[in-house]
Amino acid sequence: MSTSTATAPATATAPATATAPVAAPALAPAPVRRLTVLYDAGCPLCVHIRHWLLAQRWLVPLALVPAASWEAQRRFPRLDHASTLREITVIGDSGQVWTGTDAFIVCLWALAEHRPKANWLATAAGRPFARAAMYTASAWRQAVRTEGHPEGAEVPACDDQCPVPR
């Protein structure tokens, strides 16, 4: 597996468009040192993106966990797990939660080669492109997603231990 163990600087914060659902207005954003990406293990596109993320060089370590799995429910008991199967969800180590377009941008922000693009996508000029990418991925995902498992599979496509395909 070619994941990076590089850590983000202590002051790294996620792009400005991503917001925590429960945050005191007067507090500065918490630094992000680790992200958990909940992906749909029954979606071939989501599994492909999971493998792609694992092959990238990380500025912020990523844990990739199947959405609505026992492990996701154990780690995040107060999260609406049914909604995590409908849209990508990313959780920061300080409890920040990003969904949909914001989650997509945060995933790119965690990657060394894609952080500049994530910073641009988080701007007013870039956000329509991020939304379009998410809309396209969502439409394709709905067309190919299977209920529970990819076609022909007896178990979910991957868990946190799956290797990156060669």
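This note goes through the sheet, the helices packed on it, and one residue, Thr-84.

1. Start with the status of the model. It is predicted. Keep that in mind for each point below.

2. Look at the sheet. Four strands make it up, and it is open. Their order is S2-S1-S3-S4, with mixed pairing. Strands in a sheet pair through backbone hydrogen bonds, in a parallel or antiparallel way.

3. Which strands stand at the edges? They are S2 (62-66) and S4 (97-99). Each has a single partner strand, so one side of each lacks a neighbour in the sheet. On average, neighbouring strands are turned by 20° against each other, direction ignored.

4. Now take the pair S1 and S3. Strand S1 covers residues 35-39, and strand S3 covers residues 89-92. They pair in the antiparallel sense over four bridges. Within this pair, Val-37 stands opposite Val-90 in S3.

5. Two helices deserve a look here. Helix H1 (residues 44-55) packs on the sheet and touches S1 and S2. The direction of H1 makes about 160° with that of S2. Helix H4 (residues 100-109) also packs on the sheet, touching S1, S3 and S4. The direction of H4 makes about 110° with that of S4.

6. Finally, find Thr-84 in helix H3 (residues 81-84). Is Thr-84 buried or exposed? Its relative accessibility is 2%. The cut-off for buried is under 20%, so Thr-84 counts as buried. A polar atom of the Thr-84 side chain lies 2.6 Å from the backbone oxygen of His-81. Beyond its neighbours within four places in sequence, Thr-84 contacts Leu-38, Ala-67, Ala-68, Leu-79 and Thr-89.

Key. Residues are numbered from 1 along each chain as its sequence is written. This is a predicted model: local features need pLDDT of at least 70, side-chain atom pairs count only at pLDDT 80 or more; totals for chains, interfaces and linings use all residues. Side-chain values use heavy atoms; hydrogens and water are left out. Two strands pair if DSSP finds at least two bridges between them. Axes are lines fitted to C-alpha atoms, for helices over the stretch in contact, and angles run from 0 to 180 degrees between N-to-C directions. Contact means heavy atoms within 4.5 Å. Buried means under 20% relative accessible area, exposed over 50%, partly exposed in between (1.4 Å probe, protein chains only). A polar contact is a pair of N or O atoms within 3.5 Å; within protein, one must be able to donate a hydrogen and the other to accept it, and residues adjacent in sequence count only if both atoms are side-chain atoms.
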